[in-house]
Amino acid sequence: MIDFATQLTNLLGPEFSREGLDPHLAEVRRSARPDLGDFQCNGALAGAKQKGENPRALADRLLESLRGQALLRETSVAGPGFINLALSDEALAAQANRLAEDARSGLTPVAQPLRVLVDFAGPNVAKPMHVGHLRATVIGDSLQRIARALGHQVTSDAHFGDWGLQIGLLIISLEDEQPELPYFRADYDESMFIEEPPVSMEDLDRMYPAASARMKEDVAYRDRARKATAELQKGRAGYLALHKHFWKVSKFALEREFTALNIHFDLWKGESDVNYLIEELVEKARQAGVAVPSEGALVIEVAREEDKKTVPPLLLVSSEGSAMYGTTDLATIVEREREVKPDLFLYVVDQRQALHFTQVFRAAQAAGLSQESRLEHIGFGTMNGTDGKPFKTRSGGVIKLHDLITSCRERALEKMEEGGYGKELSPAEREKTALMVGTAALKFADLSNYRLTDYVFDLDRFTSFEGKTGPYLQFQGVRVKSLLRKAAEQGLGEAPIQVLLPEEKALVLALDGFNGAVHLAFEKRAPHFVAEHVFTLAQAFSTFWVASPKILEEKDEAVRGSRLRLSRAVLTQLELGLGLLGIEIPERM
RNA sequence: GCGCUGGUAGCUCAAUGGAUAGAGCGUCGGCCUCCGGAGCCGAAGGUUGGAGGUUCGAAUCCUCUCCGGCGCGCCA
């Protein structure tokens, strides 16, 4: 099925072409003036400008052959040359029924599916996920869901940060704590491997910040860490064994969070997985003259004449001989080009790393590893506390994602109990629902903001069951589920949708906007368009709900059946739309 | 210093160069013999940070400027 905006655009397109104008000018959108029409087209204004004629006259000619179209009840030209289009009742009803029958709720796949690689979350070894990871995770997951829904072939990768200096730091930190471990022996070999990990996640969490802080003041310590890093990368067996331990311990802890958030990755590749490619990568770049020595290191120059800013070179090999952040990113591109062959790479990473990605993408182009045009950095702003500053605990520490999820879940449970809802649920179900509601609060709050803006985290506001929140949207879904459940119990069936009330018309038009919202969200790589749509839909439903009270008691079977079918269509779209944001609707709450 | 971002209602945020800039919260006023009222309807509240410019038309594009956040070679 095709949404109204597209149908109308397709109708007007040939008319613009006939006038010798670009059919793109025919783009039709929802009207800003519902009193004048359901949809509008502004193309006559720009078109008349090109032709040097009166826009109203042009608009009139464009509309001539549209008269008598079954789709339209009325067409008119207003103001300087706005084209207003009003839909016929028949068209509205027909579209409503098509939407209700469509399991995809009107969502159409893209004409040209792409292989899309989504790199997001980027959790690190030894560092529990904190609030900073929330946005990357939630936005990245939503983008992968949206891309899949549109028919793209998506591969998602957590891109585990398990390489580089942080591992070197952990190694020397552990060496100081437990020098007796076999992994530090120069003659270590695999037969000495001990299955039991030498550290717990708590140990890593304690060691890393301490070592990181010490490195900043203690130059000798930093050099030791860098040396350990270089040795690890060169394949020192004992260090590789430690790396394996760190990796396993960290991944186990991280998966707990991803499971709670209902987030899935196709790949859980780490930076260490591309280490085998680095030597060849560096050698080729050096031979091709792309990589050049500079201040003792090996770099790829990426500055360009047209740059307004100075773009520093990408550091390929440090003076210590170790691969850097950008190096592993380049190697990762090589591996992805070989194994996934993406048409599009999306890197969902904090906006503060924009410069880094500029460097990597240019270097990838320069070294012939990929095409810059296919590499995209999807940046995002930070999550701040109610004081407007980056979100911190009272003592000034970083809040762990796990604790954040826990407090959302607990608050959701409190709200449910406060309102006396969910009483019929078993304690286990209630806990499960509370987690669903809590994560919905967290995700919707994040995804309803445009990704590049910073936003203020306010637990009370986000977990509120009223207003523009995840729980409110779930609640609307729960209401419909309850209605449909009762209808089924009473043996009340559906019937073709009739659009009788203005609230029903508004609801059908809202439903019809889903397809456009999802496509726009992917084009802009901005899930908030979906969030916005779902909220608009929920509001339209609520208005309809009040305008057509007691559907179950409606005596007219056709009217009752129509409203039940319309309600079910709403539920389908709410579930799909919220699903694109990674939010589930419980049966009861 | 250079660059990237953001600045919209009291607060938190939307708005693919289009008509009268919209929501949520808060405030004020309505609607409960209600399928889940955690809802709905209405009102007040704006020189879109400021100044120029482009355009038939600017929150949106350009220039300058003020304020906040951030980034600028051996961390990731």
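**Entry 1: base contacts**

I began at the bases of RNA strand B and found a backbone N or O atom of M589 at 2.9 Å from a base nitrogen. I note that this is a predicted model. Next I looked up S319. One of its polar backbone atoms sits 2.8 Å from a base oxygen of RNA strand B. Then I turned to D35. Here an N or O atom of the side chain is 3.4 Å from a base oxygen of the strand.

**Entry 2: the surface around the RNA**

How many residues surround RNA strand B? I get 75, and the closest are R33, K49, Y421, F465 and K486. I then checked which part of the RNA faces the protein. Of the atoms of RNA strand B that come within 4 Å of the protein, 59% belong to sugar and phosphate.

I sorted the surrounding residues by class. The surface near RNA strand B has 33 nonpolar, 20 polar and 22 charged residues.

Which element gives the largest share of this surface? I find helix 19, with nine residues.

**Entry 3: helix 19 against helix 20**

I followed helix 19 away from the RNA. Helix 19 spans residues 528-547 and helix 20 spans 557-580. Their axes come within 10 Å and cross at roughly 155°. An angle over 145 degrees counts as roughly antiparallel, so I log helix 19 and helix 20 as roughly antiparallel to each other. The crossing is left-handed.

I listed the residues that make the contact. Helix 19 brings V530, H533, V534, L537, A538, F541 and F544. Helix 20 brings R563, L566, S567, V570, Q573, L574, G577, L578 and L580. By class I count 11 nonpolar, four polar and one charged in this contact.

**Entry 4: helix 2 against helix 3**

I went to helix 2 next. Its axis and that of helix 3 (residues 55-64) come within 8 Å. Are the two helices roughly parallel or roughly perpendicular to each other? The axes cross at roughly 115°, and the range from 65 to 115 degrees counts as roughly perpendicular. I therefore enter helix 2 and helix 3 as roughly perpendicular. Helix 2 passes helix 3 in a right-handed crossing.

From helix 2, I noted A44, L45, G47, A48 and K51 in the contact. From helix 3, I noted P55, L58, A59, R61 and L62. The class split for helix 2 with helix 3 is seven nonpolar, one polar and two charged residues.

Conventions: Residues are numbered from 1 along each chain as its sequence is written. Chains are lettered from A and ligands numbered from 1 in the order in which they are written. This is a predicted model: local features need pLDDT of at least 70, side-chain atom pairs count only at pLDDT 80 or more; totals for chains, interfaces and linings use all residues. Side-chain values use heavy atoms; hydrogens and water are left out. Axes are lines fitted to C-alpha atoms, for helices over the stretch in contact, and angles run from 0 to 180 degrees between N-to-C directions. Helices (H or I, at least four residues) and strands (E, at least two) are DSSP runs, numbered from the N terminus. Angles under 35 degrees count as roughly parallel, over 145 as roughly antiparallel, 65 to 115 as roughly perpendicular and the rest as oblique. A crossing is left-handed if the near helix is turned anticlockwise from the far one by less than a right angle, and right-handed if clockwise. Contact means heavy atoms within 4.5 Å. Ala, Val, Leu, Ile, Met, Phe, Trp, Tyr, Cys and Pro count as nonpolar, Asp, Glu, Lys and Arg as charged, and the others, Gly among them, as polar. A residue is near a molecule or strand if one of its heavy atoms lies within 4 Å of it. A polar contact is a pair of N or O atoms within 3.5 Å; within protein, one must be able to donate a hydrogen and the other to accept it, and residues adjacent in sequence count only if both atoms are side-chain atoms.
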